[in-house]
Amino acid sequence: MIEPGKGTASNTLRIFGRAGAAPLTVGVEEEFLLVDARTFKVVPAAPLVLATAAGEPHQLHAEGTRYQVEIATPVADSAATLREELGALRRSLAKAARMHGCRLLASPSPVVALDGPLHLTDDEPRQREQHRRFGSLTDSLVGCGRHIHIGTLDVDSAVAVANRVRPWLPTLIALAANSPFWQGRDTGHASWRAMAWSAWPSAGLPPHFTSTAHYRRSVQTLLGSGAALDTKMVYWDLRPSGNWPTLEIRAPDMSPDIETAVLQAELSRALVATALREISARQPAPEARDDVLRLARWRAAHDGLEGFGLDPYTGTELPAADLAEALLGHVATELAAVGDLDHAATTLASLLRNGSGAHRQRAAFARRGDLTDVLRHLADATEAF
């Protein structure tokens, strides 16, 4: 089984020229669906809602389709600040949505089938070209994820850290699993979004990079093969950001409650801090085989938090709850160093006790066998600030 990490906390690391005198920062992007407040069907109301919402343009903006809106928090150096920003931005969008007869839905999937053709973002010709080249793959653009940016990191540091964070991506997927329903049916997976999104040729687990040059060659191979229009389409679960000096963790589903969002950010920041400490100490990284990680990713998406997962290093089947607790143990030193350990432990315990988002969606459906109850549950949970 995975052994919790050991070592001395340090916020004064220097790696590849990065002077880390201050704690690592975190920023979060969250994607939401807009649904009709009466029927709960997705509606292409994003332009109206964004025009009404109160907020800075770079914090509230459009996504790939007109069914979606996105928030991007300012850079935060503490979990408390991040929580405040997430709440304020969600409230602004939810209020604007209500003004246009809609509700905000923190759902990785539309749950029920869309009516009519896909409504792509009007002012993005790039989306049209995406649809022309990739066809039905663009149907998965309606899925919503949470992207967590950890900084400040230069590209060399981000690549080196990514190799050590990569084995924990399946556990992050299991913790956030919240998309059991897709196109009107139960998919048999806790995170169908993770499966649907990995159909893109530029998505899924990133390679293990032997160097920054290797990383750059891999990106160029994606572009040259036609698998990506541009670097924005490097959809790996984990990547150095193309726009910011951060490592971007893209694997988790979107989930309604803010505390789970904060937990994901806390764990992500602590994973990066732990990796930096290990690299600074020249501590060898355990080998995680690509075939085992691929299977671990699928098992996490299938079982979520309630079932089983695979140890990313050995491939041994373990309860997903044990893997989640092992992750907490691995990063406990760095969580404690910035005051996040108590919140992370309490929130994880609540998730293990009350069930994942996928579990709660299925419980809502089981009461009457009506997917409208699932959508109402998601909307109520999203707006429970």
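In this predicted model, a good place to begin is the residue pair in which E29 stands opposite H147 of strand β7. That pairing belongs to a wider contact: strand β3, residues 25-36, and β7 run antiparallel to each other and are joined by six bridges. Strand β7 also pairs with strand β13, which covers residues 246-249; these two are antiparallel as well, and four bridges connect them. Within this second pairing, G151 has T246 of β13 as its bridge partner.

With these neighbours in view, the surroundings of β7 can be described. The strand spans residues 146-151, and six of its six residues are buried, so β7 is largely enclosed by the rest of the structure. In a regular strand, side chains alternate between the two faces of the sheet. Both faces of β7 are covered: one side carries the buried residues R146, I148 and I150, while H147, H149 and G151 are buried on the other.

The cysteines offer a further point of interest. A disulfide is a covalent bond between the sulfur atoms of two cysteines. A search of the whole structure returns zero disulfides. For C102, the closest cysteine sulfur is that of C144, and no bond is possible because the two sulfur atoms lie 14 Å apart, which is too far; a disulfide would require them to be within 2.5 Å. Seen from C144, the closest cysteine sulfur is in turn that of C102. Both residues are nevertheless hidden from the surface: C102 is buried at 3% relative accessibility, and C144 is buried at 0%.

Definitions and conventions. Residues are numbered from 1 along each chain as its sequence is written. This is a predicted model: local features need pLDDT of at least 70, side-chain atom pairs count only at pLDDT 80 or more; totals for chains, interfaces and linings use all residues. Side-chain values use heavy atoms; hydrogens and water are left out. Buried means under 20% relative accessible area, exposed over 50%, partly exposed in between (1.4 Å probe, protein chains only). Two strands pair if DSSP finds at least two bridges between them.
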